[in-house]
Amino acid sequence: MSFFAILGLFLSAIAYADTSRVEAEVDKTQVMVDEAIRLTVTAYGDPRRDAFDSSALLDDFVVGRTSASNRTSLIQGKRSQSTSWTTPLFPRKEGTFTIPSFNIEGKQTQPITVEVVAVPDASDGSQPARDYYLTTEVDNASGYVNQQILYTLKLFLSTDIERGSLTPPELKKGIVRQLGEDERSVDLVNGRRYQIIERKYAIIPQRSGELTIRGPVFTGEVLAPDTNQRFGFFNRTQTINRLGADISVNVKAKPDNVSGDWLPSERVELHEEWPQNSEFVVGEPITRTLTLTATGVVEEQLPELDVRYPPGFKTYPDQSRSATVDRDNQLIAQRVESMAVIPTSPGKIVLPEVTVPWFNLKTQEIAYATIPARSIMVEPASNSPRANNPTVAPEQPVSDTTSPQNTVDSATGETSQKMTLLTWFLGGFCIFLLAVLVIVVTHYRRKLHHFEHNKAPRRLPEPQAEKIAFKALRQAVSEKDIVATQSGLRQWMTHLFEGMPPSRAADNALTAPLQPFVDQMLESAYGNGHTEWDNQSMLATLKQVRENWSTQYNTNSRGLPDLYARKPAITK
């Protein structure tokens, strides 16, 4: 037993023999709150490249990207190696902090104390102007969940930079999108000339409460103060890092008097398009296009349009299209839904209105984007063929002179003979065409009968599309992705009900068991934050609903399918 213990100690000693000592140092021990501290940890020997772990610094600092480098030297025949890890650290607030000791393969570094001070106010001229700094601001520090917040950052540069990068701000449980391109300008600040780079973001928080927008990080390469020192053909540069200030925002939950889809915006419009000079005739399709446009939101927030038609129509919806663009520092989302509408009975028919509720951020009240109801007149289809205009034979000219009787008889006989030959020719040609048509039709009917008799039974393409939609929905629920779950549920229900889904899961007996979980999901996202979404129970209920639907589908799919899809009966 003692032999194995001694062997273990010997092997561990060999493993740690690769690292003789470790050191930690910083480039400065006193920094401003938006500046970076460059931490360098050096291990002498041949340690693993992943031996350094910076996770202990996350409580007090924003940790940048760690770079590792190896160095090998040969002095008087003696070979030595070292590995260095360099990491920029951005303090989160003012105060005195301790960089803890690091363990590198059994060797410990010494802790380091650093002091973080506030950025001096140079507006009164008492402090020297800084060479580089970042400013951040928002247009509204208090708003509702899913409401756009305009975030503006400005980078001030007093000298030219060789290269640089700027990371975007961060918000947990939120959407961050850049608006437009960077704006560049030059201005005097406290008597000093700066080049200003301005960038704007749209930030949409997806949960309520007191949230913190983490500031962006700028990393750049600038010429060193002593430009006389050169390396070959290149000037000597130094790295600078600046951190934008964090901003706290108060995000309010959805008001209690708002039910259903939550769409906060300053402007929502709903438009309808029909073909110009369109006439409604039984059996003839007309394309109806509805466009929903909202400001300050992304396309994932736009609800599906609840469009209903009276019994005198058959409808065939196209795939909806949605997109988000930015204009004048504001997001604009648009959803376009097209549908082929075919009247099935003549007479006067009333199309019901289409309404989308939304929350007006200016008035703080519920508003409605509406397409009013309209009456249309459907004309009957014209089944009778149009009468052909009779062909009038041209009148024969009458001669002023009297022709002999035999001349008249000869002309009459010649004309009668020509008409008889033409009649026989046309009749024979028609009989030939009719015989060819009968042969062709008989041939293809036999081939079609043979094909339908021998082909293997197949299913409609809808089950495969439904399977893909259900898989995407199940993944969204498993990951607790609320936006993807809402969109996936609508898509899946579209396949269940053959293009005519109910507006809510509760509106149909098949999907009604899902409604409590949908309400719970929305309450967890937009409520006061005390409700927990039980996504595992929702997954089990989704599985049961799908099994019930599969049983109904297989029962209804026996034999040939109907020519037109029928909407399942909706129970209230």
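Buried means under 20% relative accessible area, exposed over 50%, and partly exposed in between, with a 1.4 Å probe and protein chains only. The model is predicted, so local features need pLDDT of at least 70 and side-chain atom pairs count only at pLDDT 80 or more, while totals for chains, interfaces and linings use all residues. Residues are numbered from 1 along each chain as its sequence is written, and side-chain values use heavy atoms, with hydrogens and water left out.

**Exercise 1.** Determine which parts of the chain the salt bridge between Asp182 and Arg199 ties together.

*Solution.*
Step 1. A salt bridge requires a side-chain nitrogen of Lys or Arg within 4 Å of a carboxyl oxygen of Asp or Glu; for Asp182 and Arg199 the N to O value is 2.8 Å.
Step 2. Asp182 belongs to strand E15 (residues 174-189) and Arg199 to strand E16 (residues 192-205), so the pair ties together parts 17 residues apart in sequence. Strands (E, at least two residues) are DSSP runs, numbered from the N terminus.
Step 3. Asp182 is partly exposed, at 28% relative accessible area, whereas Arg199 is buried, at 15%.

**Exercise 2.** State whether Arg288 is buried or exposed, and describe its salt bridge with Glu272.

*Solution.*
Step 1. With a relative accessible area of 3%, Arg288 is buried.
Step 2. The side chains of Arg288 and Glu272 meet at 2.7 Å, N to O.
Step 3. Arg288 lies in strand E26 (residues 286-295) and Glu272 in strand E24 (residues 268-273), so this bridge links parts 16 residues apart in sequence.
Step 4. Glu272 counts as partly exposed, at 22% relative accessibility.

Methods
Helices (H or I, at least four residues) and strands (E, at least two) are DSSP runs, numbered from the N terminus.
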